[in-house]
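Student: I would like a close look at one part of this protein: its salt bridges. Please take me through them one by one, and say how far the model can be trusted.

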Amino acid sequence: MPDPLSKNKLLQLKPKLDALVNRIQQPDFIDNDPIQFMYAFEDKNDKELAGFFAAIMAWGRRDIVINKVDDLLKRMDYKPSDFILNFNESDAEKLDGFKHRTFKPIDIYWFIKTLQSILKEYKTFEGFWEMCYKTSKTQDRELIAVFHEQFFAIHPEIPQRTRKHISNSEKNSSCKRLYMYLRWCIRSGSVDLSTMSFMLASELMIPLDVHVARQARALGLLERKQNDWKAVQELTQKLRVLDPKDPAKYDFALFGLGVSGLEIT
């Protein structure tokens, strides 16, 4: 916990950051963000599965990410839950030619196979996350580390190249994309959907990318130089001083400063 002087300085930032959150966290944000794919569906599993692919592929320019996620969902006939549950080897050819950054058809194939096993056992993707959450509490470990372990335990034969697409906090990764996904699913508001309730918004960690980290350092919220898990812990601790119940909301403010060119006034 910061000392009282640091806390006072932090709290001086709160009104300005809150104003930025309110300015950015508006429905028109959705149209240019990968979160839009969760809004494209009514069914809970469709929302969360489409959102999962959108989050783990959120790497690079947002317009390119959106095009690539749309390409993948089109190959699933825009029915991700049905496609995944009924997936068989003959369906693998529908993935031929797909590519985004280092994602290739073999990676999508194994994600689909794993998600199929999850849906058959847990009925919902949230059910699997809830199991990981409870396990993390029992083992006193970080949630994403347990998720990584449990996700890849389902099919141990998954190639190493595919495993690299799911981050692991125990390897000191920032886990930006997975905590962005959890922000989408856990938080409520004008943008985030609150489709899952297995954990509280107060437990979310900040999704740390280069833009958020740069602005956090400029504001004195982050001292660590590396954009890693230790930086996530440091920044989230500071943001919990500003809002103990909803620290991840400041992702909108730091994003707005870093990407949208806004300024604190």
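Tutor: A salt bridge here is a side-chain nitrogen of Lys or Arg within 4 Å of a carboxyl oxygen of Asp or Glu. By that cut-off, R183, R187, D192, D246 and D251 are linked in a network of salt bridges. In total, the structure holds 21 salt bridges.

First, the trust question. This is a predicted model. The protein chain has an average pLDDT of 95. A score of at least 70 is reached by 96% of the residues. Residues 1-5 are the weak stretch, with pLDDT under 50. For that stretch the model has 6 contacts beyond four places in sequence. Where pLDDT is low, the coordinates should not be read in detail.

Now the pairs within helices. Start with helix α1, which spans residues 4-24. D18 and K14 both sit there, 4 residues apart, or about one turn of the helix. They form a salt bridge, and their closest N and O atoms are 3.1 Å apart. How do the two partners differ in exposure, buried or partly exposed? D18 has a relative accessible area of 17%, so it is buried, the limit being under 20%. K14 comes to 24%, so it counts as partly exposed.

Helix α7 covers residues 125-139. K134 and E130 both lie in it, again with a spacing of 4 residues, about one turn. Their side chains meet in a salt bridge of 3.5 Å, N to O. E130 is partly exposed, at 31% relative accessibility.

Helix α12 runs over residues 229-242. It holds both E234 and K238, 4 residues apart, about one turn of the helix. The N to O distance in their salt bridge is 3.8 Å. Both values fall under the 20% limit, so each partner counts as buried: E234 at 18% and K238 at 13%.

One more charged pair deserves a look. K113 is found in helix α6, residues 105-122. Its side chain is joined to that of E89 by a polar contact of 3.4 Å. Beyond its neighbours within four places in sequence, K113 is in contact with F87, E89 and H155. E89 therefore appears both as a contact of K113 and as its polar partner, the contact limit being 4.5 Å between heavy atoms.

To recap, the helix pairs are D18 with K14, K134 with E130 and E234 with K238. The network links R183, R187, D192, D246 and D251.

Methods:
Residues numbered from 1 in each chain as written. Predicted model: local features only at pLDDT ≥ 70, side-chain atom pairs only at ≥ 80, totals over all residues. Heavy atoms only, no water. pLDDT = per-residue confidence, 0-100. Helix = DSSP H or I, 4+ residues; strand = E, 2+ residues; numbered from the N terminus. Polar contact = N/O pair within 3.5 Å; in protein donor to acceptor, adjacent residues only side chain to side chain. Buried < 20%, exposed > 50% of the residue type's maximum accessible area, 1.4 Å probe, protein only.
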